[in-house]
Amino acid sequence: MRPIQMVDLQQQYQHIKPEMDAAIQQVIDSAAFVKGKQVETFARHLEAYTGAKHVIPVANGTEALQIALMALGLKPGDEVITPTFTFIATAEVVALLGLTPVVVDVDWQTMNMSVEAVRKAITPKTKAIVPVHLFGQCADMEEILALAKEHNLFVVEDGAQAIGATYTFSDGHKAQACTMGHIGCTSFFPSKNLGCYGDGGALMTNDDALADTIRVIANHGMRVRYHHDLVGVNSRLDTIQAAVLDTKLPHLDDYIAARQAAAAYYDKAFADCPWLQTPGRSAHSTHVFHQYTLRVTGADRNALREHLTAAGVPAMVYYPIPLHMQTAYQDPRYTRGMFPVAEKLADCVLSLPMHTELDEEQLAFIVQTVKAFKK
Ligand SMILES: *Cc1c(COP(=O)(O)O)cnc(C)c1O
């Protein structure tokens, strides 16, 4: 059996090595390492894939979120609502821009932002909602968008984990993650579902004016060279990374299918384990399984993790501490116990190996090792 990894990027590369090596070599030969033609080519291809009118590549997913909030013209003191059970990036950029992060609890089944909690958190200072499509399935976008419309708020999707996930609205129309809010942000960090060989990210929007502002902000606030209209940043996707992504994009649907097949295997295998809860599914979104995250409700999560590690099965806790309990984000408004679902999840979640290269032998071994923990 091949060693089991959380994410197996070596094996994935081996399957596309000739095309990948050629694409990277082409960039090196051209020496257009910044703003090479592959960057725009990839952006157009990702627009075609997602249905977004504009894709603007940037240096990473965190900067995509920062640029999004800058483009919306938010001012210090404006409140931005985000889930407390997520990766730090969202709250981080809110804080960096002098905005006020307002965190809300999540749903136990989908682990995504609770719409009821968002409704209760809206104040006259609220300017934006940042739903995170956690672990690969979209938050309740129809309800979030309706709430935003009612209160005249912006919606910025954090789709770093959910590229390719499809949301179905009640009228039957479908839209992909990152294309439903005013702006969608994604990450091409290597382990993400569409990952490059370094850092990368993108913003998506269907709004021409916002797209223009985003492009200007990401390029030093500059429309005409050395004329700076806005305070901007320098955030670019390297040409080599764009070439890597453009080579992987045609394989993304197969990659998603491989993740979903592994998830289906896990679901079936764990159906008879009352001490584990398999990932709950949204009624409206497909799940692209950036992570396959169990809730260990009838056993000691940390002991299970140690048991797995000792047997050669990596397992990770995403995420062990909710935002409102992080040292850097201490806030007198928030105390332990205020967000019981997020706090309970932080204590019981365990993500199993999930990637495009898991074979039956590995999956069987992982399942058998998990089950051996509690007979
Ligand atoms: C990965 C990730 C980000 C940040 O992306 P980077 O490219 O690493 O900056 C933001 N939000 C979520 C939910 C993520 O998983």
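# Close-up views of a predicted model

**View 1. T239 and its partner A32.** Start with T239, whose place is in helix α9, the stretch covering residues 239-248. As you look around, keep in mind that this is a predicted model. Is T239 buried or exposed? T239 counts as buried, because its relative accessibility is 0% and the buried class takes in values under 20%. The side chain of T239 still finds a partner here: it reaches the backbone oxygen of A32 at 2.7 Å.

**View 2. A31 in its loop.** Now move to A31, which lies in the loop between α2 (17-30) and α3 (37-50). What is notable about the phi of A31? Phi of A31 is near 60 degrees, a positive value in a residue other than glycine. That is worth a pause, because most residues other than glycine have a negative phi. With 47% relative accessibility, A31 counts as partly exposed, since that class lies between 20% and 50%.

**View 3. The residues around the ligand.** Here the ligand takes centre stage, sitting in the largest pocket. Which residues are around the ligand? They are N60, G61, T62, F87, A89, V132, D158, A160, Q161, S187, K192 and G200. Sorted by character, the residues of this shell divide into four nonpolar, six polar and two charged.

**View 4. Polar contacts of the ligand.** Stay with the ligand and look at its oxygen atoms. One ligand oxygen is 2.7 Å from a polar backbone atom of G61. For Q161, it is a polar side-chain atom that lies 2.8 Å from an oxygen atom of the ligand. K192 also takes part through its side chain, where an N or O atom is 3.1 Å from a ligand oxygen. How much of the ligand does the protein bury? Taken alone the ligand exposes 380 Å², and the protein buries 91% of that.

**View 5. The cis peptide bond between Y318 and Y319.** Next, look at the link between two tyrosines. Y318 and Y319 are joined by a cis peptide bond, with omega at about 5 degrees. This link deserves a second look, because most peptide bonds are trans. Where is Y319? Its place is in the loop between α11 (301-310) and α12 (340-348).

**View 6. H220 and its positive phi.** H220 is found in the loop between α8 (208-218) and β10 (222-224). Although H220 is not a glycine, it has a positive phi of about 60 degrees. H220 is partly exposed, because its relative accessible area is 36%.

**View 7. K127 and H151.** K127 lies in strand β4, which spans residues 126-129. Its relative accessible area is 32%, so K127 is partly exposed. How far apart are the C-alpha atoms of K127 and H151? They are separated by 8.8 Å, while the two residues are 24 residues apart along the chain.

**View 8. K268 and T278.** Helix α10, made of residues 252-270, is where you will find K268. Is K268 buried or exposed? K268 counts as exposed, because its relative accessibility is 71% and the exposed class takes in values over 50%. K268 and T278 are 10 residues apart in sequence, and their C-alpha atoms are 9.3 Å apart in space.

**View 9. V156 and T186.** V156 has its place in strand β5, which runs over residues 154-158. With a relative accessible area of 1%, V156 is buried. Between the C-alpha atoms of V156 and T186 the separation is 11 Å, and along the chain these residues are 30 residues apart.

**View 10. A177 and A160.** For the last view, find A177 in the loop between β7 (174-176) and β8 (183-187). A177 counts as buried, because its relative accessibility is 1%. A177 and A160 are 17 residues apart in sequence, with 9.3 Å between them in space, C-alpha to C-alpha. You have met A160 before, as one of the residues around the ligand.

How values were computed:
Residues numbered from 1 in each chain as written. Predicted model: local features only at pLDDT ≥ 70, side-chain atom pairs only at ≥ 80, totals over all residues. Heavy atoms only, no water. Near = heavy atom within 4 Å. Polar contact = N/O pair within 3.5 Å; in protein donor to acceptor, adjacent residues only side chain to side chain. Areas by Shrake-Rupley, 256 points an atom, 1.4 Å probe, with all protein chains shown as cover. 1 Å grid on protein atoms, 1.4 Å probe; cavity = no way out; pocket = protein on both sides within 12 Å on 5 of 7 lines; lining within 4 Å. Sits in = over half its atoms within 2 Å of the grid points. Nonpolar A, V, L, I, M, F, W, Y, C, P; charged D, E, K, R; others polar. Helix = DSSP H or I, 4+ residues; strand = E, 2+ residues; numbered from the N terminus. Buried < 20%, exposed > 50% of the residue type's maximum accessible area, 1.4 Å probe, protein only.
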